[in-house]
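Trainee: Could we go through this entry slowly, so that I learn where each word in its description comes from?

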Amino acid sequence: MTTIKRAKGFWLSISLSLIFFAIIQVLIGGGSLNPFYQNTLMFIGINIILAASLHLIIGITGQFSIGHAGFLAVGAYASAVMTMKLNMPFTLALVVGGLAAALAGLIIGIPSLRLKGDYLAIATLGFGEIVRIMLLNIDYVGGASGMQVSHLTTWPWVFASVLITIIVIRNFTSSTHGRACISIREDETAADSMGINTTYYKVVAFAIGAFFAGIAGALYAHNFYIIQPSNFGFLKSFDILILVVLGGLGSLSGAVLAAILLTVITTFLQDYPETRMIIYSLVLIIMMIYRPQGLMGTKEITSMFKRKGGSSHENKNTAA
Amino acid sequence: MLKIEDINVYYGNIQALKGISLSINEGEIVTLIGANGAGKSTMLKTVSGLLKPKQGKILYEGQSIGGKAAQSIVKMGISHVPEGRRVFANMSVEENLQLGAYLRKDKAGIKQDMEKVYELFPRLLERLKQQSGTLSGGEQQMLAMGRALMAKPRLLLLDEPSMGLAPLLVKQIFHIIEEINKTGTTILLVEQNANLALSIADRAYVVETGRIVLSGKSEELTASEEIKKAYLGGH
Amino acid sequence: MKKKKLAGAFLSLTLAAGVLAGCAGSGSSDKSSGDGDTIKIGVNLELSGGVASYGQSIAEGLELATEEINKEGIDGKKIKLIKVDNKSEASEATSGAIKLTSQDQVAAIVGAATSTNSIAQVQIAQDNKIPVISPSGTSPEITFSKDKLNDYIFRTSFIDPFQGTVAANFATNEIKAKSAAIYIDSASDYSKGLADAFKEQFEKNGGKIVAEEAYIAKDTDFRSTLTRLKSDKPDFIFLPGYYEEAGLIVKQARETGLDVPFMGGDGWDSPKLVEIAGAKALNDTYITNHYSSGDPDKKIQNFVSAFKAKYKDKSPDAFNALGYDTGYFLADAIKRAGSADSTKIKEALEKTKNLQLVTGTFTLDEKHNPIKSATILEFKEGKQVFNTKINP
Amino acid sequence: MELIQQLINGVSLGSIYALIALGYTMVYGIVKLINFAHGDVFMVGSFVGFYSITVLDLSFVPALLISMTVCALFGVLIERIAYKPLRNATRIAALITAIGVSLLIEYGFIYVRGAQPEAYPNDVLPTDKFDIFGVSINSQSVLIFGVAVVLMIILQIIVHKTKIGKAMRAVSFDADAAKLMGINVNNTISATFAIGSALAGAAGVIFGIYYIKIEPLMGVLPGLKAFVAAVLGGIGIIPGAMVGGLLLGVIEALVSAAGYSLWRDAVAFVVLILILIFMPQGLFGKNKKEKV
Amino acid sequence: MKTKTPLLKVESVGIQFGGLKAVSDVNVELYPGELVGLIGPNGAGKTTFFNLLTGVYVPTEGTISLEGEDLKKRPPYKITQKGISRTFQNIRLFSELSVIDNVKVAYHSLSKHSILSSILRMPIHFKGEKEMDEKAIEFLKIFNLDQYKDEKAKNLPYGKQRRLEIARALAANPKLLLLDEPAAGMNPQETHELMNLIALIREKFDLTVLLIEHDMPLVMGVCERIYVLDHGQLIAQGQPEEIRNNPKVIEAYLGEEVS
C-alpha cells in the first residue's frame, strides 16, 4: 500500500467524478435538464454537504448536536451579506460563509466540553434557536421578513463544494485525527486516558462540521432567492439529523446516500408536507427501534464491494 | 428447594456463565466463592430474574422460574440483596423498608415483620427517618438485608455482604446471617472472603470463569489445600 | 487503495442516481401553456400553514371567477388552474414558482396571498418572463423594489401606504385621536409597511406616536407588552397584523384594561378573528379593507349572491373578493392580448384601465399598482359594519 | 405598580410552563428521557378539551377530566409503543425516537384535521377583572396559578406518600434494585407517563381557556420552554419544575417589560444554556459524580 | 532499590465525595522498574486511587508527582502524555474500532502529522500513518493479537479484550503502567500466561507497573512490593511475605482464620 498507489486511486476517483460533472453540465447547457431538476440537483448537493458535515460531529465524534440549522443560517446570512450588501464575489462569499459558521462552531463547541448526550443536544438546539432569533432581530439583514438574495448558485459550485467536503471529511476521518475523534465517541474517559486531547478534538470537529454547514448555507442562500430566519428553525436541524441517522451514525457514505434518497423523496412529496413529515417521523421511530445503527451502520459502502481476501487490508479504513 | 441445571448466561456476546448446575436444599446456607469476575454475582442476578439465561433451567420448589420477571420471582419468595447494597439513597430508612414489602398486602404482617427487622438491626430503628444515603456502609448493609427480609423470603440471596466493611461489622453481619437462617430462611451467599463464608455455610461451590470447578461440604473445602492456595493466598 | 476509486465511483453513481430518479417523474407533464383548448394558470397560495385562511379564501374566489369565465371561455379556450401549496413559507413559495414555471409551464401565476411569499417569487417570474399577480400582497416592494420596476409582477389589491394613510386620517378625523401607539408583527413586511405609512400620516396630521412595540407571528402572550403600552396612555392603537395575533392582542388588551380603539388592516379579515377575540372585546375596533359585503353597490351584491350560491351561504370576505377579482383581472388581459403568450399577457395587464371589479374600479399606475378605493369597517358585537368608503 | 403588574403577568405565563414542566420532570426523572412529545400531548389535551366543550357541550371540570384521562392513555400508549422497546438503548437513540414521536403527533394531527387554528369559546369560565391599587388581576390568572399549585401539591403527595409514588422514586433511583423489591418497573413507568401526560392535558385545557387560540403546533415552543423550566429548577424535582416554570415566566415578562419582547425566546434559551453549563443540577438539584 | 529517586511520589493524597472520604492520606512511592501490587477488599478505594493518579479525579488534598513533576490538576490526557497509562477494571475499549486502530489511538499523541497534512494527504501523512501501523503491529505481535488486527474490538473474546487493553495502554509509551484487575474473569491458565506477559513487558519496555488484583497467587507471585488499602487508607506495605503475615491485613482482607 504505497503512497503512489494511494494517490493513483485518489486521482482516478476524482476523474470519474469530473466526468459525471461534465455530463450533467452538458445536460444543463443543452437544456435537457429543466430548472426544476436542476433545483432538485442543487438541493441534493446542499443536503449531501449538510449530512456529511453533521456526520463528522455526531457520527464520528459522537457529539450529539441538533442545532445544525444554526450553522447553516450563519453561513447563509454571512455569504448573503457579502454578495448583496458588500458586492463581493460569490467565491469570497462562500469562504466567508464557511468561516463565519466555523466561528459559531467554535463558540458552540465550548459547551460541548462540559455537556454530554442529551444535555448537549438540548443546548445545541437552544443555540440554533438563539441564532435564529438574533437574525430575526437584526434589521440589517431584513429581520423576520428576510433578505433577497441573487441566484448565484450553479451546478459547478455545488459540485465542487460537495467534492471538497467529501474529500476533506473522508481524509480527516481516515487519519489519526479522525481516529482520535472516534475514540471520543466510543469512550471519552478511555480516550482521555490514552492521551487524546478530547477538548481539542471536540472543538475541531465542531469547527470543521460547522465550516461545511456554512458553505452549504452560502449555496442555499444563493439558490433560493430569499432567506428568512424561519427557514432555519429546529425543524431544519431535525431534517439534517434525519439524514445522518437514516444513513447510519458513523457512516459517511450512509449519510450521503440518505441525503440523496430523502431529497428525492421530499421533492416528490412537495405537495404533501404532512405526509412527508409523517414518513420522516415514522422512519426515525422505526429505525431506532429495529435498526438503531441506520442503513449502513458504521460501514462504508466501499467495504461492500471488497473481496474477502483484500478485506484485511482495508477494514481499518472503513472503521475509521 | 432451588435447582439450577446447566444454565448459560451472556452479557452481549460475552458468556458469563457456562453450563452451571447447582442445587440448594431447604434450610441450608450455601455459598459461592471465587475470584472477582468469576460469575458469582451473575449467578444471583439470574436466579432473581435480573438476567435471563439463554439456555438451561432454574427450578424453584419444582416450578421453572428461568426467564420470569423479577417481580414474580420476589412474589414466589426469593429476595436478593445485591452487591453494593443498592439502598434507595434518596429515601428514608423507613421508606426503604416499606418498599421491601411492596408486594405484600397484609398490613398487620408487615408491621410485625418491621418489628422483627428492628430486633435484628436495632441500629435501623434509631435512624428510621434518616435519608439512607447518609448511613454508614455497615448500616446500609443492614438496611439492604432488612429490606429484603420485609418481602418475607424463603430463599435469601446475599451478594458480598462484607464488602467494604470493618472487620467488627463483618462479624456482626455474619452473625445475623446465621440468625436469619435459624428462623428458617434458606440462604445463598456470595462472598469473596472465602474463609468467613465457609465458616457459616453448610456447603459451597467454587466458581471460576463462569464454571463450577469444585463443590462440597464447607469443612471439606476449608481443609482442601487447593482452596487455600487459590483463595487464601497460601503457596 | 481501491477504496478511493470506489469512493469516487460511488459519489458519481449516487449523484447520477439522484438525477435519474429526479428525471423519472418528468414524463407525465405536458409541455405547453396554451395548447389546445386550455390556458394553464398557476396558483401559488397559502393553502396550509399560518395564514392558510387567506390562501383558501383567495382560492375560493378565484375558482368562482374561473367557473364563470369558463362558461363562455376566452376566445374558445378555458382556464385550467394548477395549484401549489406554499405552506405559508417563503422558501416553499419559491420552489412552488419554480415548479409552476418549469414543470407545468403555466402562462401566468396567481399568488401569493402575503407580501413576503409574493416577493419570494419575484426573481423566478422575472427570470422566466411569466406574469405573477399577487391578489392581496400589499407591500410596494412586490412590484417595485430597489428603484426598479419588476415588470412581470402585478397585484389586485391596493398597497400598504394607502391603507396606512387611510387609517391615520381616520384616527385623526373620526376618532379624534391626539396620540397613538403602533404595535406591529415584526415577521411581516406588510405589517411594517402599514405602520410606516400610518406613522408618517398621523404625525403629519399633528398626532403623536407615543409607543412602538413589536411581536412575532405565533406569539401567544402579549400581556407584558400590553401592560407597557397601557402605561404610555395612547388614545388609539394601530395594530396592522394578521387575524390570529390581532385577535389575541385585542382580547388580552381588554383584559389588561386597555380600552382604547384599535385599528388594523385587511389582515384582520377572517371569521376566526371574532372567535379568538370574542365579540365584546372587538367593540370599538376598526379595519381598512378592500370591500364590504354590506356595500349596496350592484356589482358587489351580484358577487355576494353568486358566492353564497356556490359556497353554502357563506358570506364572502375581502380575500374571496380579491381572488374573484384576480380571475377577472387576468381574464380581461388574456382576452385583450388575444393569446396565452406570457409576454403578451403581461403587456395587456399593464394596459388595464377602468376595469370594473368587485373591490373597486381600477386603473394600473406605472408601478403596477391598481388605483382604487378602500373601505372602512367597524366591528359591532362581532359583526363587520360598513363605515365609509375612501377613494385615493 | 407597573412592575407588580408585570410580575403578575409573568406568574400567569409561568404557571402554564410549570404545569407542563411538572410532567416533563417526572418523566425525565424516571426514565432519563427528554420526552419531546410531551409538548404535543399538551396540544392533544388542549384539543380534547376544545372538542369536549364545543362538541359535547361540557363545562370546564368534566372537559378537564376527559382531557386528562385521554392524555394519560395517550401518554401510556406512546411509552409502550415507542419508548419501551428502547429501554436499554442509548440515550441518543431514545432522544431521536422522542423527536420522531413528537413530529409524528404534530403532523399526523395536521394530516387528520388540518393545520388551521381553533378558538376556545370565550365563556367557558367567567373572566372577572379586579383592580387592586391600580394593578389589574384577571380571575383566570388566579385560577391558573391556583390549579398549578394544587396539582403540584397533589403530585408531591402522590410521589412521596403513596405506594406507587415510592415505586416511582425507587425505579428512578435504581431500576434493578426496584425490581428486586418486586416492583413492576414497566407498570411504574407507564404510571409515570400517565400522570405526567394527564398534567400536560390539564395544562392544555387551561391554556386554551386562557389563550383561546389553539393549533396543532402549539405545543412545540411551550414544550421546549417547559423543559427549560424543568432544567432550571433541577430536572426530576417536582417543586423545582414549579419554581423553574414561574421563574422563567417572570424572566420573560420582565424581558418584554423592558421593551425587548422580540428577544424573549432567545433569553429563555440563553438561560437554558447557562444553567446547563454552570449549574447542570439546577436550582434545587444535587450534584452527582460520574462513575468511572 | 530504595536508594534511587522515586518515579512516582504520592504524598498524603486524599479525595472526598460529598463528605465521604473515599481515599485519605495515602503515601506511595514507586521506583523505576518496580512491579508493585495494590490490594484491598472491594470498595477499599483502589480504583479511586488509580483515578486520582490518572487525573480523572482531582485530589482534594496531597500531591502527586512523576519524576519530580507535579501532576495535580493536569488533565488526564496530559498525564498520559507525561507517562502514566492505564487499563480499566471493566474493560473500556473503543469497541467499534478495529483492534489495530485501538492501539493506534493510543499512539496518537506521539504522531507528528497535522490535521492539515492529513486532509491534504501530504507525504508526511502517509509516512506518519505507516509508522503507526508498524508500531501497532509490533505491540499486537507481543500480545499475540496480530491475527485479529482488523476485527472490531467488541468482537474479541473476553480474555483477548483484556490483553488488547494492555497493549493499547503500552502503545501510549508509558513510564508507569497501571493495571486495574487485569486477571479478572480469566481462568488460571490465562492468568498464568498474563503473569508471564506482564513480567516480559516490564523487562522489554523498561516499565514500572502498579497492579490492582484480587487474584492472590498472581499478586504474591509477581509483585516485589505490595500496598494494602482498606477504607481508603493504607494499612500496610511491604514484601509479599510480610504482607501475608501482617495481622492487620489478615484481619481486613484475608479473613482472621488464616494461619
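Mentor: Let us begin with Ser191(C), which lies in helix 6 (residues 189-204) of chain C; helices (H or I, at least four residues) and strands (E, at least two) are DSSP runs, numbered from the N terminus. This is a predicted model, in which local features need pLDDT of at least 70 and side-chain atom pairs count only at pLDDT 80 or more, while totals for chains, interfaces and linings use all residues. Residues are numbered from 1 along each chain as its sequence is written, chains are lettered from A and ligands numbered from 1 in the order in which they are written, and side-chain values use heavy atoms, with hydrogens and water left out.

Trainee: Why does Ser191(C) count as buried?

Mentor: Buried means under 20% relative accessible area, exposed means over 50%, and partly exposed is in between (1.4 Å probe, protein chains only). Ser191(C) has 0% relative accessibility, and therefore it counts as buried. Its contacts, meaning heavy atoms within 4.5 Å, are with Ile184(C), Asp185(C), Pro240(C) and Gly241(C), once residues up to four places away in sequence are set aside.

Trainee: Where does Thr156(C) lie, and how do you know whether Thr156(C) counts as buried or exposed?

Mentor: Thr156(C) is found in the loop between strand 7 and helix 5 (160-173) of chain C. The relative accessibility of Thr156(C) is 0%, so this residue too counts as buried. Apart from neighbours within four places in sequence, Thr156(C) touches residues including Ile133(C), Pro135(C), Leu322(C), Phe329(C) and Lys372(C).

Trainee: What makes the pair Lys346(C) and Asp151(C) a salt bridge?

Mentor: The term asks for a side-chain nitrogen of Lys or Arg within 4 Å of a carboxyl oxygen of Asp or Glu, and for Lys346(C) and Asp151(C) the N to O distance is 3.5 Å, so the pair qualifies. Lys346(C) belongs to helix 12 (residues 342-350) and Asp151(C) to the loop between strand 6 (148-149) and strand 7 (153-155) of chain C, so the salt bridge ties together parts 195 residues apart in sequence. Lys346(C), at a relative accessible area of 10%, is buried, whereas Asp151(C), at 23%, is partly exposed.

Trainee: How do you know that Arg225(E) and Glu34(E) form a salt bridge?

Mentor: The closest N and O atoms of Arg225(E) and Glu34(E) are 2.6 Å apart, which satisfies the rule, so the name applies. Arg225(E) lies in strand 9 (residues 225-230) of chain E, and Glu34(E) lies in the loop between strand 2 (20-30) and strand 3 (35-39), so parts 191 residues apart in sequence are tied together. Arg225(E), with a relative accessible area of 7%, is buried, and Glu34(E), at 2%, also counts as buried. Elsewhere, salt bridges that share partners join Arg179(A), Asp101(E), Lys104(E), Glu129(E) and Asp133(E) into one network.

Trainee: What makes Lys129(B) exposed?

Mentor: The relative accessible area of Lys129(B) is 66%, and this is why the residue is called exposed. Lys129(B) forms a salt bridge with Glu94(B), with 2.5 Å between the closest N and O atoms. Lys129(B) sits in the loop between helix 5 (122-126) and helix 6 (137-149) of chain B, and Glu94(B) sits in helix 3 (residues 93-100), 35 residues apart. Over all chains, the rule gives 56 salt bridges.

Trainee: How many helices and strands are there in chain B, and why is chain B described as compact as a globular protein of that length?

Mentor: Chain B has 10 helices and 10 strands. Its radius of gyration, taken over C-alpha atoms, is 17 Å, close to the 18 Å from the globule rule (2.2 Å times the number of residues to the power 0.38) for 235 residues, so the description follows. In chain B, 58% of the residues count as buried.

Trainee: What radius of gyration does chain D have?

Mentor: Chain D has 19 Å, which agrees with the value near 19 Å for a compact globule of 292 residues. The secondary structure of chain D comes to 11 helices and four strands, and buried residues make up 63% of the chain.

Trainee: Which chains have the most contacts between them?

Mentor: Among the eight pairs of chains that touch, chains A and C have the most contacts. No contact joins chain A and chain B, whose closest C-alpha atoms lie 16 Å apart, and chain B and chain C do not touch either, their nearest C-alpha atoms being 30 Å apart.
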